[in-house]
Each structure stands twice: as structure tokens, then as C-alpha cells.
Amino acid sequence: MDGQDVREHIGGVNQSGVRDYNERLLLSMLQRNGAMPGSDLARRAGLSPQTVSVILRKLEKDGFVKRGQPIRGKVGKPSIPMELNPDGVLSFGLKIGRRSADLLLLDFAGRVRNQLRTSFDYPLPDAVLGFLEGGMETLCADLDTGALARLCGIGIAAPFELWKWHDLVGAPANKFETWKDMSFAEQVAGFSDLPVFVVNDATAACRAEHLYGSAKKYRDYAYFFIGSFIGGGVVLNDTVFEGNQGNAGALGSMRSTGPLGESRQLIDVASIHLLEARLIEAGLDPKLLWRQPQDWSALSRYVDPWIGETAQELAKASLSICSVIDFEAILIDGAFPEPVRNELVERVRRYLINQDTRGLVVPQIEPGSIGGNARGIGAASSPFFSQYLLNTNAGLSAI
């Protein structure tokens, strides 16, 4: 991506005692912009070249950054860009879904090194935690001593108040209620010393898009992720905003209207579980939707109407969101094939034309780029973000 399309982070500080902030700033700039010479980092961050040079030497010594290929062709010495070292830190990411769980190992550059998956009728703590413990052992078996020492945490992406979804996935209420008082940190501490970072699953997907996807040219936007149930995320000031209780961007809970005029939530009218129900009614196996690699072309008779109805709901929801904050864009992604995502985005754009937009700045409607793995990647990036990158919504007090 052209660097001109990437929004810049806020400037740095030269005073002593805040090097941790400046380290995060430079790491965030390299993560967002790619490899850059120290002189460019200093200019964009508003730091002195000497300050940047000292920080980069420390980060290189600690293994977080490495030297790239020299840039020749200019007057004077070749310029040597610095870039994130993919081996600098590694993390685990666990995505807890309504039908399956994924465990992946992510490197500092955002590349999935390895991944495991399990399926179930509905997620219960014993099965999910057993998968996490066994999966970590399996993934660690392929790592050498140096890589094991670079593991920095476990990110867990789970639906907010998971125990309230028992009616939607068919789990007996008394079994599903066991999620309510469970502490992930306490349970994981029984088999791992790594720190645990829990995030809403849709917020995790939004973070994956923001860190590694195509949204880098936007500073503020809302994000829809459509899985079995639709969720969302919010990006403000170039950072994913989690909210006071970690539930910002709960877009699936937005109000909508059912076919008889009854009050519904967006989750009831714009989720893949509705498409699953249609397949079941037609005598088809809903697991066809989740078979990898995904290909829904043979199901177009059922998929096309679902796209149209979902697009109408997303068009209305997008304007409702922008009546609160004038987001530059609305990004749409989900656990579906790329052609479905592109058609859904195009339909939303068309439906917006006929909506009442008085008093609103109509946002751009754009596709996300990560796809079905966004929640797992976002979960795994949480340890990176919390420990090494800059949260521009928190300021110095959060670092």
C-alpha cells in the first residue's frame, strides 16, 4: 500500500522517562507503514534522529526489529530501513465460536505460523479449555527453545456474555450457565504461565482488520463481522476502541424490526444462522456453509435472498451508526467466501442510495480483507497490542 494512504500516529516525546511510549510509537509505525529508515521515523514521529537511533538500537538488540535491505540509488550512504522482526514475539490466539474453536500461533508480523480447529454442537468450558491446553502442547512441540522464550501471551476471543446465547445454539441452559462465573485467566493458569488477554470476538476481528487488513487509510470507522451471529467493532483515533467494559461496537444488538413489526435485534435479521435455518428447512446440511475451502456457489438459490435481506439491514444499521459518530467508512467482513462478501458490500452501497440520509454524512461502504480467520488473528494480536503497540485512545496513562 502507498504510504500516503496510511494515517500517521500522533507525535512522539523527547523527554526522559517516556521511552516506553516512544518504543511503542516506533513499533506501531513500523507495524502500520512497513519498513522505514530511522530518518523517516524521526520525521514522522516528531522525535530527534538521535532519540530514534537510540531506541532502534535497543529494539534491535532485544530482537523486536531487524535491518532490512539497504536502499541504494541516492546521494550518500545507502539508507537502511528497519522493520518488525517476525520472530521478535509470538502469541497464541483462541477463537471461541458457536460451532467451532480455532487455536493459532501468530508472529509479530501478523503471519499465522500454525493453526488447529475443533468442532462441536455448542461450546462448553471443559471442551474449549481442553482444546486450548492440548492445542498449545501440540503447537509448542514444533517450536525450538528460542521461539518458546518469545511467546508473550494468549489472546482469547469470545462472544460477550457467552452464557446468554444458549437459546440460539441449543445448549441446555444449566450447562451453558457454567460460562458465567468462569475466569479464563484462572483456568489457563492451571496449565500455562503466559498472560491471558480476553476480548470480544467481533472486536478481535476488527483489530485484525485494523492491524493487518485494508483499512489503514481510515482513521475512524465502524466494522461489521458476520459469523453465525453478526457482531461489530469501532475504530477511533486510529485505534480499536474497546469501551469501558470491553463491549464497544456491540452492533449486533442494534434495534431492527421483524416481519410483523415486532422489535428485533440486528443479530436476529442479519446473521448466517438465518441462512443455516433455510438450508435445514430445504433438507440440506448447514455444515455445507462451513466446509473448507468455502464455496457457496451451489447454494445460490438460498444465498442470494439472504444477501439481499442482510444488505438492507446493514444499510439501515450503517446510517444509524453514523448518526452517533460520523465515521469515514463502514467495513463489512465475515465467515463467508470472498464473492459473497463483495456482493454483500455492493448491495449495501445500492440500498444506501434510497435511504433517508438527511443530516448525515454518508459513509463509504468497503469490504474487509481478512475473512473468516479474523477473530482468531485478532485474538492472537491482543498480547502484541497490549504489550508492545500504541493505544492512541488511552494516552500515556495506559502504557
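Guide: Let's fix a word before we look around: a residue is buried under 20% relative accessible area, exposed over 50%, and partly exposed in between, with a 1.4 Å probe and protein chains only. This is a predicted model, where local features need pLDDT of at least 70, side-chain atom pairs count only at pLDDT 80 or more, and totals for chains, interfaces and linings use all residues. Residues are numbered from 1 along each chain as its sequence is written, and side-chain values use heavy atoms, with hydrogens and water left out.

Visitor: Which residues of H13 are exposed, on the other side from the buried ones?

Guide: Glu 338, Pro 339 and Ile 353 are. The buried set in H13 is Val 340, Arg 341, Leu 344, Val 345, Arg 347, Val 348 and Leu 352.

Visitor: What puts those buried residues on the same side of H13?

Guide: They cover an arc of only 165° around the axis, so they share one side of H13. The arc is taken from the directions from the helix axis to the C-beta atoms. As background, an α-helix has 3.6 residues a turn, so residues three or four places apart point the same way.

Visitor: What makes H13 a helix here, and what is its reach?

Guide: Helices are DSSP runs of H or I with at least four residues, strands are runs of E with at least two, and both are numbered from the N terminus. H13 has 16 residues, 338–353, and reaches 24 Å from its first C-alpha to its last, close to the expected 22 Å. That expected span is 1.5 Å times one less than the number of residues.

Visitor: What covers the buried residues of H13?

Guide: The cover includes strand S9 (221–226), helix H12 (300–322), strand S14 (329–334) and S15. Contact means heavy atoms within 4.5 Å.

Visitor: Why is S15 called an edge strand?

Guide: The open sheet has five strands in the order S11-S10-S9-S14-S15, with mixed pairing. S15 (364–367) and S11 (239–240) are its edge strands, as each pairs on one side only.

Visitor: How do you know that S10 and S11 pair?

Guide: Pairing takes at least two bridges found by DSSP. Two bridges join S10 (residues 230–236) to S11, and the strands run antiparallel, so the pair meets the cut-off. Val 235 has Val 240 in S11 as its bridge partner.

Visitor: Why is His 210 called buried?

Guide: Its relative accessible area is 4%, so His 210 falls in the buried class. His 210 lies in helix H9 (residues 201–212) and touches, among others, Arg 32, Tyr 221, Val 235, Asp 238 and Val 240, not counting residues up to four places away in sequence.

Visitor: What makes a nonpolar core, and how many residues has the largest?

Guide: A nonpolar core is a set of buried Ala, Val, Leu, Ile, Met, Phe, Trp, Tyr and Cys residues joined through side-chain atoms within 4.5 Å. The largest has 46 residues, and Leu 26, Leu 41 and Tyr 221 are among those with the most contacts inside it. A second, separate core of 40 residues includes Leu 236 and Trp 306.

Visitor: Why is Cys 140 not in a disulfide?

Guide: A disulfide is a pair of cysteine sulfur atoms within 2.5 Å. The closest cysteine sulfur to that of Cys 140 is in Cys 152, 12 Å away, so the two are too far apart for a bond. The structure holds zero disulfides.
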